[in-house]
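Biologist: I should like to go through the open and enclosed spaces of this model, and to hear the reasoning behind each term that is used. Please show the structure before we begin.

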Amino acid sequence: MLLQQALPKLIQSMELGVDRICNISTSLRTFSRADQDRRVPFNIHEGIDSTILILKHRLRADDNRPAIEVITEYGNLPQVECFPGQLNQVFMNILANAIDVFDEVVQQAADGQAKPQTITIQTMLAQPNAIEIRISDNGKGMTEEIKSRIFDHLFTTKGVGKGTGLGLAIARQIVVEKHGGSLEVQSTVNQGSEFCIRLPICVE
Ligand SMILES: Nc1ncnc2c1ncn2[C@@H]1O[C@H](COP(=O)(O)OP(=O)(O)OP(=O)(O)O)[C@@H](O)[C@H]1O
Ligand SMILES: [Mg+2]
């Protein structure tokens, strides 16, 4: 190809690259917002989006499974008074667990076809003075026995070197103790799991 023809394409792909780097660096900054010693107003959706971007490399298809699809259904939310860096940590721990599930077992539909692997994130207002964030996956789900222990310190079903069993214990501590919210789970074996985070919008 002539240099003259190649040049515009080259510049275009450089521009795309720069755009992507900007997005990633904005996300990293949002994600790791240094935590103040008091709550600040925060756009929860920005926090979720930056977490998804950081996990993007884990969502891609690999040798064992198809790509994981993340569906976001965002409601119209006000800003929430919170510790943003800590809440992003909660989103990260819950999303990473959902991805771990898809990495562990290759899901198959009844007809033997690969089943789409989906994580759905919904947000909505919940009265009074609260919001809800629901993160669900259509993975293998949990038995009652496992479900009753997932928030315990050091409880893990993952192999040595794969899980420390701290992710959800930390998430619960951040949501309940630091933010006065609640973190609940519903799960059905072979159908999936849903984590529901409820947070007060502002504290008196
Ligand atoms: N979405 C999910 N579907 C099925 N099981 C889950 C899901 N999320 C968590 N679990 C179960 O809960 C256990 C505890 O999760 P937790 O995040 O606290 O620890 P972990 O993922 O094992 O280790 P890590 O400290 O690296 O997060 C997991 O080992 C897994 O058995
Ligand atoms: Mg975990």
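Modeller: This is a predicted model. Its largest pocket has a volume of about 590 Å³. Among the 31 residues that line the largest pocket, Asn-97, Ile-150, Thr-157, Lys-158 and Leu-168 are the closest to its centre. The elements that give two or more residues to this lining are H3, H5 and S7.

Biologist: Which element gives the largest share of the lining of the largest pocket?

Modeller: Helix H3 does, with eight residues. By class, the lining of the largest pocket has 12 nonpolar, 12 polar and seven charged residues.

Biologist: What takes up the space of the largest pocket?

Modeller: Ligand 1 does. A molecule is said to sit in a pocket if more than half of its atoms lie within 2 Å of the pocket's grid points. The space taken by ligand 1 is the largest pocket, so ligand 1 is assigned to it by that rule.

Biologist: How many residues surround ligand 1, and which are the closest?

Modeller: There are 18 residues around ligand 1, and the closest are Thr-156, Thr-157, Lys-158, Thr-164 and Leu-168. By class, this shell has seven nonpolar, nine polar and two charged residues.

Biologist: Why is the approach of Ser-193 to ligand 1 called a polar contact?

Modeller: A polar contact requires a pair of N or O atoms within 3.5 Å. A polar side-chain atom of Ser-193 lies 3.4 Å from a nitrogen atom of ligand 1, so the pair meets the cut-off.

Biologist: What makes the pairs at Leu-166 and Leu-168 polar contacts?

Modeller: In both residues the backbone takes part. A polar backbone atom of Leu-166 is 2.8 Å from an oxygen atom of ligand 1. For Leu-168, a backbone N or O atom lies 2.8 Å from an oxygen atom of ligand 1. Each distance is within 3.5 Å, and therefore each pair counts as a polar contact.

Biologist: How much of ligand 1 is buried by the protein?

Modeller: Taken alone, ligand 1 exposes 600 Å², and the protein buries 91% of that. Two or more residues of the shell around ligand 1 come from each of helix H3 (84-104), helix H5 (167-178) and strand S7 (192-200).

Biologist: What is the volume of the second largest pocket, and which residues line it?

Modeller: The second largest pocket has a volume of about 180 Å³. Its lining consists of Arg-20, Asn-23, Ile-24, Leu-53, Ile-54, Lys-56, His-57 and Arg-60. Helix H1 (3-31) and helix H2 (44-59) each supply at least two of these residues, and the largest share, four residues, comes from H2.

Biologist: Why are three residues in the lining of the second largest pocket classed as charged?

Modeller: Asp, Glu, Lys and Arg count as charged. The lining includes Arg-20, Lys-56 and Arg-60, and the class count is therefore three nonpolar, two polar and three charged.

Biologist: How many cavities of 30 Å³ or more are there, and what makes such a space a cavity and not a pocket?

Modeller: The count is one. A space is called a cavity because the probe fits there but cannot get out, whereas a pocket is open. The largest cavity holds about 40 Å³ of space.

Biologist: What makes the lining of the largest cavity nonpolar?

Modeller: This cavity is lined by Ile-52, Leu-55, Leu-59, Val-70, Leu-95, Ile-99 and Ile-119. Val, Leu and Ile count as nonpolar, so the division is seven nonpolar, no polar and no charged. H2 and H3 each supply at least two residues of this lining, and H2 gives the largest share, three residues.

Definitions and conventions. Residues numbered from 1 in each chain as written. Chains lettered and ligands numbered in written order. Predicted model: local features only at pLDDT ≥ 70, side-chain atom pairs only at ≥ 80, totals over all residues. Heavy atoms only, no water. Near = heavy atom within 4 Å. Polar contact = N/O pair within 3.5 Å; in protein donor to acceptor, adjacent residues only side chain to side chain. Areas by Shrake-Rupley, 256 points an atom, 1.4 Å probe, with all protein chains shown as cover. 1 Å grid on protein atoms, 1.4 Å probe; cavity = no way out; pocket = protein on both sides within 12 Å on 5 of 7 lines; lining within 4 Å. Points joined across faces, edges and corners; volume = space filled by probe spheres on them.
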